[in-house]
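Hi,

Here is the structure I promised to pass on. Have a look at it first, and then read my notes below.

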2 protein chains.
Amino acid sequence: MTKTGLFDSPLQVINVGLASFAEDLSRRGVDVINVDWRPPAHGDPAKNALLTKLQSKLDLVSQANATALERMLNAHPIFVDVGTALDTIPGFTEKTILHAGPPVTWDKMCGPMQGAVVGALILEGRATDEHLAREVAASGEYKFAPCHEYDAVGPMSGIITAGMPVLVIEDKHTKRRVYSNINAEGKGRKALSFGAYGPEVQEIQLWLQDVLAPFLQAAVRAAGGIDLKAIMARALHMGDEVHNRHAAATSLMVREFFPLLGKIQVNSDDLFRIGKFLYYNDFFFLNFSMAACKLITLMAHGVPHSTLVTVMARNGVETGIKVSGGDAWYTAPAPMVKGLYFPGYSEADANPDLGDSAITETAGVGAMAIAAAIPLVKVNGGTAATALSMTREMYEITLTHHPMFTIPVMEFAGTPTGIDAASVVESGITPYINTGIAHKQPGIGMVGAGVSRIPYSCFVQALQGVVTALPS
Amino acid sequence: MTKTGLFDSPLQVINVGLASFAEDLSRRGVDVINVDWRPPAHGDPAKNALLTKLQSKLDLVSQANATALERMLNAHPIFVDVGTALDTIPGFTEKTILHAGPPVTWDKMCGPMQGAVVGALILEGRATDEHLAREVAASGEYKFAPCHEYDAVGPMSGIITAGMPVLVIEDKHTKRRVYSNINAEGKGRKALSFGAYGPEVQEIQLWLQDVLAPFLQAAVRAAGGIDLKAIMARALHMGDEVHNRHAAATSLMVREFFPLLGKIQVNSDDLFRIGKFLYYNDFFFLNFSMAACKLITLMAHGVPHSTLVTVMARNGVETGIKVSGGDAWYTAPAPMVKGLYFPGYSEADANPDLGDSAITETAGVGAMAIAAAIPLVKVNGGTAATALSMTREMYEITLTHHPMFTIPVMEFAGTPTGIDAASVVESGITPYINTGIAHKQPGIGMVGAGVSRIPYSCFVQALQGVVTALPS
C-alpha cells in the first residue's frame, strides 16, 4: 500500500483483538469490522462442557438473569438511620463479631483482620491489651461470621462488634435494610479496618460512637432520609467511582448535612471536630456506597438459575463470590493487589486482597466505572487510557449498561453492570477491583492502594453450582 | 489498496486538517505526520503587515509575554473578606454603579443590564418602581463604570451598587485585592444579574445583604482565608470548568464552611436557609471563580509590549478585551450565544453576549478547560468529543499549559492558558466562552445557556495597539 492511497477512498479497517481501537475509529465515523476472538473458556474441555450445558438451558438462565437484573436496577438505597450493631442488625448479639469476605475462623484469619478484632475487643471493654484480646478471640466465646450473612458490609477487615455504630440503608420501595460501619480511614493510615488498634484508633472509634454517630442519627432523622443512589449517580459525573475515590460524594453528603444543622442541636466543639473530620476524610462516603451496593445486589439475589454475581468479597486469605441462583460461597485463595505503596513499604509487606468493598464492583461502580475517575487511576500509577480500557473490558462480562450510573467521557455510556459468571468463564476476563492494601501484620494499617482481580476459579465453581441445579 | 494490506506493515498515517484525529492515533502508538495548515491571518494583507512588524520585534514581545505569563501563573487568589461595595472597593461612592463589560452609557445599555440597574436602584432605596428607577438612572446622578475599572467583576449585567455585599479576594504574595458581588443565580431564572428585578429578586438580595454576607464574613474571618486556587485546581478534577459548572467547587466551599460553624454564631433559622441556599445553588462558586480569575489576570496586566490578553468582557452591546501591554478597551459588537433555551424561549428572545465571566477563559479555565467538564457540554447539546476538540483548539492561541489547572481525561495536560492576541490574529481561532443567556427585555431573567466566541476584530485592534507602541 502507499501512504497516499489510504485517503484515496473512505477508510475501512478490520480490527482483530483490542476492541477499544476499533470502538474509537467507529466513534469517528470510520467503517470498522471488529473481529472479537479469544479462545473460549481458556480452551478447557471441562469448562466448555459447563458452557454447553448452560447453552442448552439458555432461555431459562437468560430469563432468570433478566429478572435478577431488573431487581438490581430497581433497587433504590436511602440512608435512613444510625444505631449500634447490637440494636440495629437483626440477629446480632453481644458475642457476635462480623468480618469481611467469606467465612474464616480466628486461627486462619490474616494479620490485619486479627488486628482489627483485637482493636474491637479492647473497644468493647472485653480486653485491655493485645495479648488478652487474642485469648478472648481464641476462646470461642465470640461467634465470628461474615458481614454478608447479616446483610452488612465493612471495608478491609470489616470487623463489626456490638457497640459499634452502623449506618442503616433502606430500599425506597421494599424497605429492605442493610448495614455498614462508619468510615474512619480519613484519620490516616492507622485505621481499625486496616488492622491498626493503638491508642489513636481507640480514640477515634470512641469519638465515632459518642459524637459522630449521634450527629449522623439526628441529621438523617431530621432529613427524613438521604438518597444515596442520586448522590452516587451525581458523583460519577464528578470524578468519583465511589469505591476508592469519594471526594465528590463526601462533599455532596456534607452539603446534605449543612442545612440540617439548623434543625438539630450540636455543641460548637463537636461541630468543629465533625466539620474537620468530614473536611479531611475523603473516604467518608465509602461505607455509604458499600451499603448502598450491598442493598442493590441483595435485591437481585435468590433468583433460581441466575448466573448474575451478587457478592464478591475477600477476607485476606480467601476471595469468595455468590451468584443470584445459589447460596454457596465459591472461594479461591485471595490474590495480591497490584498497586503503589506508601514510602517505606513494598509488596513484601502487603496482605492479600481484603474487604467487602468489592460489593461496589458487583453493583456496577468502583473499577467498573473507573473511566469516570481518572484521577484515581493516576494515583495508582495508570493513565486516562488505562481507565478507559479497564471500563471497556468490563462490558464483556456484564449484562447491561446501567441506566442511571453513567460515564461522561464515554459519551455518558452506562457503567458495565451485572457481572455474569458465565461470561467470565467464557471470556476468561475477571472483574477488576479498586482497593486499599493493608500491612500483613496486625497493628500497622494501610500501606498502599491498587487494583486486584477476582480469581477465575470462583466463577467456574459458581457456574458449576448453577449448572448442577438446572433441570435436566 | 486492499483491506488486509493495511495491517501487513506498521500503520502510518498522514493527517491533514482535524488534529484531534491524528492526536488520537498518536496516543495509540500509530505513527502520524500531522499537516496543520490554515491560511494565516485570514489571508488579509493588512493583518499580515501587523504580524510582520511584530515578528521584527519578536524578542521584545516574547520576553514581555514571558514576564506577564509568569506573573499570571504565580498569582494565588485567597478569599479573605466580605464587605459592602461602598466600604470595600477603593474609589466607590454612594453614586457609583458598576456594570459588566467595556464602558456603556445608560441610554445604550441592553435590556437585561437596564433591568438590573432598575433592580439595584430599588434595592438601594433610591426608587420604588421601574419608572422612577429609570428616571434616576437617566438623570446623570449616578456614575456608571465598568467593574473592571474598579478591579471588580460581576456575572451577566454585573451591576454592583454601594450597599451590595462583595467578596474580597487577595493575592497570597502581593496582597493585591479584587472584588465580586455574591451569586444568587441558584435561586432560579429570576436573578438580578440576568435583568430580573421583581419582588422575589428584592427579597433574595436583601437576604444576601442581611444574612448570607454577614455569615460569609464571619466564616472567612474565622478561617483566616480560603484558598481559591486550590479549590479551582481540585474542582477541575471533579467535573467543573469553574465558569458554567461549579457543582464540585460549590460543594468544596460548603466543606470549608462546615467546621467554621463551630467557631461562629448563626441562629438556627438562618443556618437552615443558608444551608438550603448552598444546597440548591450550584453556581455559588461562580463569583469566587470570577474574582480569582480577575486577580490572576490583573497580576499579568501592564507589561509593555505584551500581547497577552488580560481582560475579555461583554456588556451585552459590545464585547471588549484588553492586553497586558496597553490599557485601552478593544471592542466589537457583542455576538449572539449559540446554545440551548429553556422551554418557551428561543434565540429571538436572547440578548447578545453579556457579562464579565469571560475572565475565567482569560485565566485558563472555563471553556479553555471544557474537556474537564463534559457534563456541561452535554447540557449545551454537545458530546465528550466536542469538549475535547474545543479544549484542543484553544491550545493554538494560548501561550502555555497551566502547571496547576489540569485535565484528567487529557492525561492531566495543563489547561490552555494565556491567550496571545497575536496567535488569535494569525490563526483566525477566537476564544470560546461558556456563558448564560439573558432575555433581551428587562425584568425577565435567564432563558438559556451556551457558548459564544470573542470577536476576531477585538484581537486585531489589540495587536494594532501593541504594534503601534513598539519601538521603531
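**What I found**

Let me start with a helix. H11 of chain A, residues 286–300, has 15 residues and runs 21 Å from its first C-alpha to its last, close to the 21 Å expected at 1.5 Å a residue. H11(A) is mostly covered, too: 15 of its 15 residues are buried. After H11(A) comes A:Gly302, which has a positive phi, near 95 degrees.

Before you go further, please keep in mind that this is a predicted model. The predictor gives the complex an ipTM of 0.89 and a pTM of 0.91. For chain A the average pLDDT is 91, and 90% of the residues score at least 70. The stretch to treat with care is residues 1–37 of chain A, where the pLDDT is below 50. That stretch still has 43 contacts in the model beyond near neighbours in sequence.

Now for chain A as a whole. DSSP runs give chain A 16 helices and 18 strands. Its C-alpha trace spans about 75 × 50 × 50 Å along the principal axes. Does the radius of gyration agree or disagree with that of a compact globule? It agrees, because a compact globule of 472 residues would have a value near 23 Å and chain A has 23 Å. Buried residues account for 56% of the 472 in chain A. If you take the contacts in chain A between residues at least 6 apart in sequence, 73% of them join residues at least 24 apart.

One residue to click on in chain A is A:Ala367, in the loop between helix H12 (359–362) and helix H13 (374–379). Is A:Ala367 buried or exposed? A:Ala367 has 29 other C-beta atoms within 10 Å, and 20 are enough to count as buried, so it is buried. Leaving aside neighbours within four places in sequence, its contacts include A:His243, A:Met390, A:Tyr432 and A:Val451. A:Ile160, on the other hand, is 207 residues from A:Ala367 in sequence and 25 Å from it in space, C-alpha to C-alpha.

Over in chain B, there is another helix to look at. H9 of chain B (residues 247–260) has 14 residues and reaches 21 Å between its first and last C-alpha, close to the 20 Å expected at 1.5 Å a residue. H9(B) is largely enclosed by the rest of the structure, because 13 of its 14 residues are buried.

Chain B also has an open sheet of 5 strands, in the order E6-E8-E7-E3-E9 and with mixed pairing. Strands E6 (152–153) and E9 (226–227) of chain B are at the edges with a single partner strand each, so one side of each has no neighbour in the sheet. Elsewhere in that sheet, E3 (residues 77–84) and E7 (residues 165–171) of chain B run antiparallel and are joined by 7 bridges. To see how they line up, find B:Val82, which stands opposite B:Leu167 in E7(B).

Last stop: B:Ala334, in the loop between strands E12 (330–333) and E13 (338–341) of chain B. B:Ala334 counts as buried because it has 25 C-beta neighbours inside 10 Å. Not counting residues up to four places away in sequence, B:Ala334 touches eight-odd partners you can pick out on screen, among them B:Arg314, B:Glu318, B:Pro352 and B:Leu354. The C-alpha atoms of B:Ala334 and B:Met390 are separated by 21 Å, and the two are 56 residues apart along the chain.

Cheers

Conventions. Residues numbered from 1 in each chain as written. Chains lettered and ligands numbered in written order. Predicted model: local features only at pLDDT ≥ 70, side-chain atom pairs only at ≥ 80, totals over all residues. Helix = DSSP H or I, 4+ residues; strand = E, 2+ residues; numbered from the N terminus. Rg over C-alpha atoms; globule rule 2.2 N^0.38 Å. Buried ≥ 20, exposed ≤ 12 C-beta atoms within 10 Å, placed from the backbone. Contact = placed C-beta atoms within 7 Å. pLDDT = per-residue confidence, 0-100. Expected span 1.5 Å × (residues − 1). Pairing = 2+ DSSP bridges.
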